[in-house]
Amino acid sequence: MAEKSPKIDIRTSPYIRRAPTVTEIMRHVVYALLPICAYSIYQFGISALASMIITTSACVATEHFFCRMAEKRSTIGDYSAVITGLLLALTLPPGFPLWMGVVGGFVSIALGKALFGGLGFNVFNPALVGRAFVQAAFPVAITTWTPAFAENRFSEFIPSTLAFPFMTAEPTADWTLNTAIDGFTGATPLALMKFQGIMTDAQDLFLGTVAGSAGEPSSLLILLCGAYLIYKKMLDWRITAAVIFGTFITAEIFYLMDPSKYPSASFMIFSGGLMFAAVFMTTDMVSSPVTPLGIFIIGFLIGFMTVIIRLFGALTEAVMYAILFGNAATPIIESFTQPRIFGARKDKD
Amino acid sequence: MSLLKLFGRKTFPKGIHPAEYKEQTSAKPTRRLPFAPQVIVPLSQNIGKPSIAIVHKGQSVERGEVIAVADGPLSVPLHAPVTGTVKGIELMQTPSGAKKDCIIIDTQPSSSQIPIRGEERDIASMSREELIQAVKDTGMVGLGGGSFPTHFKMTVPEGKQVHTVIVNGCECEPFMTTDHRVMLENVKNLILGIRIAMKCVDAGKAIIGVEDNKPDVLAAIKPHLPQDGSLTIEAVETKYPQGAEKMLAYSLLGVEIPAGGLPADVGLAVFNVATLAEIGRLLPHSQGLIERVITITGDDLEKPGNYIVPIGTPLRYILQYANFTGEQAELILGGPMMGTAAASLDTPVTKGTGTVLVLDQRATKNDDILPCIKCSKCLQACPINLNPCELGQLAAKRRYDVMEEQYHLNACFECGCCSYVCPSNIPLVQYFRIAKVLNRERHLNNG
């Protein structure tokens, strides 16, 4: 030993840790979202790309701004704002006007997160708060769907993308007519189901050759990306499984009651944003329950609500409302699903 | 019974799998550490009242001689770890962090340091009461780290019956290999110690539980086991905290020791292997506990290994002997999950010190504490099914009463799994310790 006494550090146990940090978890979620973004860009072209960049930038800038306002260190380095931005962009129509995307990104972080105290304190999934806001504020733009695989998608923007702030977006009907690939109806599979009673083949849904939000079309890709996160232990598969299970059971019951009137369970699972939501939205750690039973109940409830709203509600954005409802119910569900502790005495508890 | 059991591997649900770091010392036979020029023997080394010193300044003591007597049923006597001269009884830094009265003995350099022996005893002919008293006379406390007086554990509470003794050889903490070495090198003493424990608690059966990362131990002990099945050895899954008595009892027998209860409530008594091996060694010769096997391990040590160390040897001497080459480190008494950090190089090792662990600056870097993101990793790690996430948030709000009354704070035995897995680096266990202390104070103030 050296002549001089060594300096002694003092901490409290445990002295070793292995956990991936919050930043690492968030970064991997971003990695998992990237293939979905790439596929979305491949489907919808530069409009989708611009939407992602602009929306994400808006989220990150808002986060930074509010940290400055609160005079605390900027938390943009933890990637959570990036996730919010990407999630929001992926739930929007690909031709959504960019300025509206900025509004959505701002509201996501400002109302959905910063207002509650930042990361870890938000009650609702911030991206869905932003989504709900733009849904209410811009009802036309948010239900204007454009076709996937338009031929000129890499050379020109969907006209609505570049709408000036506070101006109504240019109608895309003509553009759609000019560019549409064969058979494009301008409606999403869910809208077809709801308003025209047309069912889309589950295989098309699975592989993503249909219209829809930027991130929802390919269930297969979403599942693969989710599997990566589950493998990394950065995604709670129990929630995803419970949502899908809840959707399946509820949809199947209706389908069995009247197969001519109600869609099949596989259609429900693979259509709309359900798979995307089940993998990336409901599993948002902050706004989902921590208790094992609570996780199952909330997951099931979200699946159940989704089917009910889809079948009987006036809108097709069922998943979003179901999740926001699930988020709101989380504290109360947690409070009565506390785990039974090891060795709890039967006579006392 | 849990799903895990259906697959045949004896284990408990949840817990964590930290890296083991045992290879540095596990294969090295135990050696004797030389005597330090001075030893510091705290009068309080275990739960219960401090012992009462019966030596005075300037008195010569012989190695193994009684230097302090027990004060009440939870207290034990102390024996001189070295032959030498009492320098005084002074307040010194102890592993618990507080300064406490310690008997300081200057080692006599010329002494042969052969411990004195009492009368030879015939264990087989001794009654239960005689055995328990004999255990108390050795000054034995749990060597696994709990430091609970062993004679007290061997006294079965009124109205309870013990049918099985569980011998805890899991050693689930990373870095530690003392129990491993004791089980390899002291099989005969261990088995005698188990027999004594079985007789004391009147149990007909004993099971040695060993983590399945120690196949050499299974091979070494099996030939010595009796044919009648009264004493068996079982491998359990290597997982932290398998060595917690609640977890081990569940892994081996599928029973839950009640929260806030004792193993005796479900007919069990749990002892650490090193404790019983030491009883088996000391009792026949009426000797006292004056030394123990300690794993000296970690970063920047030239001579890590398992050493027989006299109780009271200061850390400064241990680091000198193991040749610590670093400039700055964390000195941990115990394992990296539950040990305590020593605040001074003059801190002595005590009866409960199983490991001296040195972690360098690499390990001691402090990450920022981030807000809880409710990832529920802690719930998936907590072996006793608490909700550390909620407890942590309540602690931040100082709602210590709610933590205790609604979230079972007192069932937490501070294994550290929750802090280990927390991605936000929240020192959950530390919050819980503080909450427990403040609750205790509050209860005292309220009468």
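This passage describes the fold of chain A, its two domains and one helix pair. The structure is a predicted model.

Chain A contains 14 helices and 1 strand. Of its 349 residues, 53% count as buried. Contacts with a separation of 6 or more were also examined by sequence distance; residues 24 or more positions apart account for 74% of them.

Chain A is divided into two domains. Domain 1 covers 20–144 + 146–184, and domain 2 covers 187–214 + 235–335. In the contact between them, domain 1 contributes 23 residues and domain 2 contributes 16. On the side of domain 1 that touches domain 2, four elements give two or more residues each: helix 1 (22–44), helix 2 (46–69), helix 3 (80–91) and helix 5 (126–137) of chain A. By class, this side of domain 1 has 15 nonpolar, 7 polar and 1 charged residues.

Helix 3 of chain A also packs with helix 4 (residues 98–112) of chain A. Their axes lie 10 Å apart, at an angle of about 135°. Helix 3 of chain A is therefore oblique to helix 4 of chain A. The crossing of the two helices is right-handed. From helix 3, the contact is made by Ala81(A), Thr84(A), Gly85(A), Leu88(A) and Ala89(A). Helix 4 supplies Gly101(A), Gly104(A), Gly105(A), Ser108(A) and Ile109(A). By class, this helix 3 to helix 4 contact has 4 nonpolar and 6 polar residues, and no charged residues.

Technical notes. Residues numbered from 1 in each chain as written. Chains lettered and ligands numbered in written order. Predicted model: local features only at pLDDT ≥ 70, side-chain atom pairs only at ≥ 80, totals over all residues. Domains from an automatic or database assignment. Contact = placed C-beta atoms within 7 Å. Nonpolar A, V, L, I, M, F, W, Y, C, P; charged D, E, K, R; others polar. Axes fitted to C-alpha atoms, helices over the stretch in contact; angles between N-to-C directions. Parallel < 35°, antiparallel > 145°, perpendicular 65-115°, else oblique. Left-handed = near helix turned anticlockwise from the far one by under 90°. Buried ≥ 20, exposed ≤ 12 C-beta atoms within 10 Å, placed from the backbone.
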